[in-house]
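Q: I am new to this structure and would like a close look at a single part of it. Could you walk me through one helix and what surrounds it?

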Amino acid sequence: MAKVVLVTGGTGLVGRGIQHAVDQDKRDGEKWIFLSSKDCDLKNMEETKRLFEAHKPTHVIHLAAMVGGLFSNLRQNAEFFRVNMLINDCVMRCCYEFKVEKLVSCLSTCIFPDKTTYPIDETMVHSGPPHSSNFGYAYAKRMIDVQNQAYNQQYGCQFTSVIPTNIFGPHDNYNLEDSHVIPALIHKCYNAKKSGSAVSVYGSGTPLRQFIYSHDLGRLMVWTLREYSETDPIILSVGEEDEVSIKAVAEAVAGAMGVDELKFDSTKSDGQFKKTADNGKLRRYLPDFKFTPFEQAIKESCDWFAENYETARK
C-alpha cells in the first residue's frame, strides 16, 4: 500500500528542508503532502478531522507550532503554552483515530532543564524545569513526549519525536521582532549593506549554540520517518565539537553578506549561555552521516535571502 505522508507546518523552515530532502531521494509508493497554516486551523478538532478525512494519511510529520524568538517568548508564555497544547492534541488524537501508522513530531532543545549538566541527552528531557524565558513553549513541547509514551502504552501507537538543535536555512522567518538569531542577523546585515551602517547584535556574543542546517535536518527527519522505530525521542544535531559562539555566527553572516562592522549590545538578554546536546544516539544509528559545513550553509542561507528578499517571510 502506498504511503501518504502528511507534513503539518510543511511550508516553513523545516518543512522546506524536508521537501528538499524528499526531492533528492524520491521513493516509489510515497506521496508527500506539505500543508501550510492556511490549509487548516489545527487548534480546531473538527477542522483537523476534516483534514485527515480528506487526505487519509498513513504517516504524519508534525511540525506545526506557534514559534518565536527569545523576546516574543518572554512576552507571551501563556499563549505559547495554550496554542501549542491545542495544536498537538488535535493532531495526535486524529493520528490515533485515523489509524496513522507512524507520527514523528518536532521538539526543541529549549525543552531541556535550565539547570543541568552538559552535554544534555534524550534521557534528561523531564529532569528539571526549563529556562524561565520560554517555559510556556517548552512545557507544551515536553508534553508531546508524554503523549507519545501514553498513546504507545494505551493504544500501541507508533508515535515518536525528534529534538533538533538551532535550525537555520532558506525559507526561515526573518521578522526582526520575533525571529531566531541567524535569520535576524541575515536580515540586519542585508539592511546594513544597503544603508552602509553598522549591525547591532543583541547580547554579548558569548553564548554557545549548535546549529543545524535545514537541508541536513530534512534528510534526518525523512530517515526518522522511514527507519527510526523507538518511541523515545532522538536528538538531531551536529556534534559538541561543532558548537559556535553567537559572535562567530555574527561574523560568519557579516562575512557572507559583505558587512564590515558589528556592534554587540550587551544591554539585551543573552538567554541561556549554552545548551550543548549530545548526538551520540544519532551517531550510533548513522555513524557516517555528513553535515553541511557551517560556513557553506551560512553562505547558502544568506544567498537565498538576498535572492528572495521580496517574498521572504519578514
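A: Let's start with helix 10, which covers residues 294-307 of this predicted model. With 14 residues at 1.5 Å a residue, helix 10 should span 20 Å, and its end C-alpha atoms are indeed 20 Å apart, so the two values agree.

Now for the sides of the helix. The residues of helix 10 that are buried are Ala-297, Ile-298, Ser-301, Cys-302, Trp-304 and Phe-305. Looking down the axis of helix 10, you would find these buried residues within an arc of 160 degrees, so they line one face of the helix. A general point about helices helps here: an α-helix has 3.6 residues a turn, so residues three or four places apart point the same way. On the face turned away from the buried side, helix 10 carries the exposed residues Glu-295 and Glu-307.

What lies over the buried residues? Their cover includes strand 6 (166-168) and strand 9 (211-213), along with helix 6 (181-195) and helix 8 (246-257).

One of these elements is worth a further step. Strand 6 is where you will find Ile-167. Leaving aside residues up to four places away in sequence, Ile-167 touches Leu-13, Val-14, Asp-172, Ile-212, Ser-214 and Leu-217. As for Thr-11, it is 156 residues from Ile-167 in sequence, while their C-alpha atoms are 15 Å apart in space.

Since helix 10 has a cysteine among its buried residues, Cys-302, you may wonder about disulfides. A search of the whole structure finds zero of them.

Notes
Residues are numbered from 1 along each chain as its sequence is written. This is a predicted model: local features need pLDDT of at least 70, side-chain atom pairs count only at pLDDT 80 or more; totals for chains, interfaces and linings use all residues. Side-chain values use heavy atoms; hydrogens and water are left out. Helices (H or I, at least four residues) and strands (E, at least two) are DSSP runs, numbered from the N terminus. The expected span of a helix is 1.5 Å times one less than its number of residues. Buried means under 20% relative accessible area, exposed over 50%, partly exposed in between (1.4 Å probe, protein chains only). The arc is that of the directions from the helix axis to the C-beta atoms. Contact means heavy atoms within 4.5 Å. A disulfide is a pair of cysteine sulfur atoms within 2.5 Å.
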